[in-house]
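Good morning, everyone, and thank you for making the time. Please have the sequence and the structure open in front of you while I talk.

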Amino acid sequence: MVAHAPGIKRRIACLLAAAVSIFGCWASASAAELTGYSAKSGYHYVELGSFPQTIEAGQEGIVWRVLSVEDGNAYLLSEYVLHNARLHHDDVAYELAGGAFSSTELYAYLNGEFLSHFTAAEISMLQPVDGGLFTLLSSGDLKNKSYGFTGDRERQGYATPQALQNGLFQYRNGSSPYWTRSQSASHAYAAICTKAEGNLGYIRVVVQNEGCRPACYLKLDSIMITGGSGTLQDPYQIGLLGGSGNP
């Protein structure tokens, strides 16, 4: 089953609803606050920022799934693979840097140009980690059952139409690969990424048709829920607590 970007999800809402129920990704519409993944109720979803996602590069709100809530922060993962990019332009330099994600080209993009897709208020809601606001999941994250990654299928990522239009690779089953921030233990010039069935493998960091599926930490004491029910089809709308125009 191929998941779709927000711009077309309304046309297939029933199909998506059935799919997320099967895969444990349904959230309670009556939830009053954000919680992490639950084997019983699945995920909560929030909308934060916007990004070109339709075939025509139309801007759509970025939907994030809440993996966990801990120490006052919600760990968020982009529901969709937003675009394709190489992790770094030089695999030798990547190896010499010890695979440090903070030294990569993709890290620089996520904490540079990517920030333009968020308002100043939205940026202020994010908790910095490792010197930046946006990161990628680690290979360990993708093995963490408490985040909902209970098997290979749950790791599969699906792209926006715009990402596919721009050259993101797509497997025959409709999923697309995406990077992690973890260096391969066996091949120092490569990083861990997802494969066709959601299993983990590696690929050289200079490969350009791999996907980017960002992650970040949301400061819960800085936000309020202003709308939505927290489901994939109707994600929570959030605002800056005490911000301009907010109560």
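**Asn84 and the nonpolar cores**

Let me begin with a side-chain contact: in this predicted model, the side chain of Asn84 reaches the backbone oxygen of Gln208 at a distance of 2.9 Å. Asn84 itself sits in strand 4, which covers residues 83-84. If we leave aside the neighbours within four places in sequence, Asn84 is in contact with Ala163, Asn166, Gly167 and Leu168, and also with Gln208, Asn209, Glu210 and Gly211.

Ala163 leads me on to the cores, and I will take the largest one before returning to that residue. The largest nonpolar core has 35 residues, and those with the most contacts inside it are Trp64, Leu87, Leu106, Leu110, Phe114, Phe134 and Leu218. Several elements each supply at least two residues of this core, among them strand 1 (45-52), strand 2 (59-70), strand 3 (73-78) and strand 10 (215-219). The largest share, four residues, comes from helix 4, which spans 105-110. A second, separate core of 19 residues includes Ala163, the contact partner of Asn84 that I mentioned, together with Val63, Tyr75 and Leu137.

Finally, a word on the cysteines. Are Cys212 and Cys216 buried or exposed? Cys212 has a relative accessible area of 0% and is therefore buried, since buried means under 20%. Cys216, likewise at 0% relative accessibility, counts as buried because of that cut-off. As for disulfides, the structure holds zero of them.

Methods:
Residues numbered from 1 in each chain as written. Predicted model: local features only at pLDDT ≥ 70, side-chain atom pairs only at ≥ 80, totals over all residues. Heavy atoms only, no water. Disulfide = S-S within 2.5 Å. Buried < 20%, exposed > 50% of the residue type's maximum accessible area, 1.4 Å probe, protein only. Polar contact = N/O pair within 3.5 Å; in protein donor to acceptor, adjacent residues only side chain to side chain. Contact = heavy atoms within 4.5 Å. Core = buried A, V, L, I, M, F, W, Y, C linked by side-chain atoms within 4.5 Å.
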